[in-house]
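Here are my notes on the charged pairs in this one, plus a look at one helix. Have the viewer open while you go through them.

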Amino acid sequence: MQISKRRFTQMLAGTSFGVLTNSVFASVAAPELGVEYKLLRQPQALSGDIGKKIEVIEFFAYYCPHCYALEPVLADWVKKQGDKIAFKRIHVLNPGVESQQKLFFALDAMGKAEELHLKVFEAYHVKRNRLLTDDQVRAFIDTTTIDKTAFNNAYKSFSVLTKQGRSSRVMADYEIESWPTLVLDGRLQTSPSMAARGMGRVTEQQQNEAVLPILDFLVNKAQKEKASKA
């Protein structure tokens with residue numbers, strides 16, 4: 001049986017696990033469409049005013065342990081991109097955790113989502129505040145220094161309820177079936193689980209590291225295609 005150069009590289013990485021770093025082991029030299037990433041059936045409109053930047057959206061949930069595990073890896077990658085990308089997050093809708101989504105949308109409306117992002121994760125996964133009720137959300141907010149009245153107004157606002165009401169449609173448009181999932185340039189979708197396809201058994205950390213070169217590849221791909229259209 002003939003073994004492709006790509007497959008041989010993956011096999012070699014597997015046999016050299018003891019001497020290679022996780023990031024090298026998890027890397028993919030030439031990401032393939034339909035394997036490590038996919039194209040959305042219908043490209044989505046980009047956020048306004050991003051210029052030459054490449055839009056990167058993370059679909060996540062605060063209760064999701066895989067999103068929590070990805071957070072430090074992704075945050076470091078985003079920081080290194082600088083002005084190359086316009087990064088934003090969208091909290092997915094799932095029955096029973098509507099209050100967590102409202103919490104995110106309210107913080108985002110106040111411009112506090114990034115500042116408190118990790119603290120919300122820690123409230124759920126470390127401090128065991130499940131954030132499943134309005135009272136639990138308020139208990140979390142009480143531990144912060146943000147304006148409580150402004151938060152309560154945002155939390156109950158029509159705009160937050162409207163965003164929550166549109167969530168199912170947004171998730172369908174972006175073809176979100178699991179999370180964390182990332183969409184670049186409104187059309188290129190990948191995730192840690194997609195990045196690690198064909199790599200055999202890997203740890204979650206290796207899986208999360210595997211998505212970074214895929215993201216780099218997709219950012220470069222989108223930049224080149226945007227430049228060619230200019």
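**Salt bridges and a bent helix**

1. Start with the network: salt bridges link E58, E71, R89 and E114 to one another as a group. Keep in mind that this is a predicted model. Across the whole structure, the search turns up 12 salt bridges.

2. Within that network, have a look at R89 and E114, whose side chains form a salt bridge with N to O at 2.4 Å. This pair connects distant parts of the chain, since R89 sits in strand 3 (residues 85-91) and E114 in helix 5 (residues 113-125), 25 residues apart. The two ends have quite distinct surroundings: R89 is buried because its relative accessibility is 7%, under the 20% cut-off, whereas E114 is exposed at 53%.

3. Next, K38 and E175. Their side chains make a salt bridge too, at 2.7 Å from N to O. K38 belongs to strand 1 (residues 38-39) and E175 to the loop between helix 8 (158-173) and strand 4 (181-184), so this contact ties together parts of the chain 137 residues apart in sequence. K38 is partly exposed, with 26% relative accessible area, while E175 is buried at 9%.

4. K221 and E225 are a local case. Their closest N and O atoms are 2.9 Å apart in a salt bridge, and both residues lie in helix 10 (residues 204-229), four residues apart, or about one turn of the helix. Why does that spacing suit a pair? An α-helix has 3.6 residues a turn, so residues three or four places apart point the same way. As for exposure, K221 is partly exposed at 24% relative accessibility, and E225 is also partly exposed, with a relative accessible area of 24%.

5. Now helix 8. What is its end-to-end span, and what should it be? Its 16 residues should span 22 Å at 1.5 Å a residue, and the end C-alpha atoms are 22 Å apart, so the two agree. Even so, helix 8 has a bend of about 45° at S167, so don't skip that residue when you scroll along.

6. S167 also appears among the buried residues of helix 8, together with V160, Q164, V170 and M171. What do these buried residues pack against? Their partners are strand 2 (54-60), strand 3, helix 4 (98-109) and helix 7 (148-155).

7. Last, check what follows helix 8: E175, with a positive phi near 55°. This is the glutamate from point 3, the salt-bridge partner of K38.

Conventions. Residues numbered from 1 in each chain as written. Predicted model: local features only at pLDDT ≥ 70, side-chain atom pairs only at ≥ 80, totals over all residues. Heavy atoms only, no water. Salt bridge = Lys/Arg side-chain N within 4 Å of Asp/Glu carboxyl O. Helix = DSSP H or I, 4+ residues; strand = E, 2+ residues; numbered from the N terminus. Buried < 20%, exposed > 50% of the residue type's maximum accessible area, 1.4 Å probe, protein only. Expected span 1.5 Å × (residues − 1). Bend = angle between axes of the 7 residues up to and from the residue. Contact = heavy atoms within 4.5 Å.
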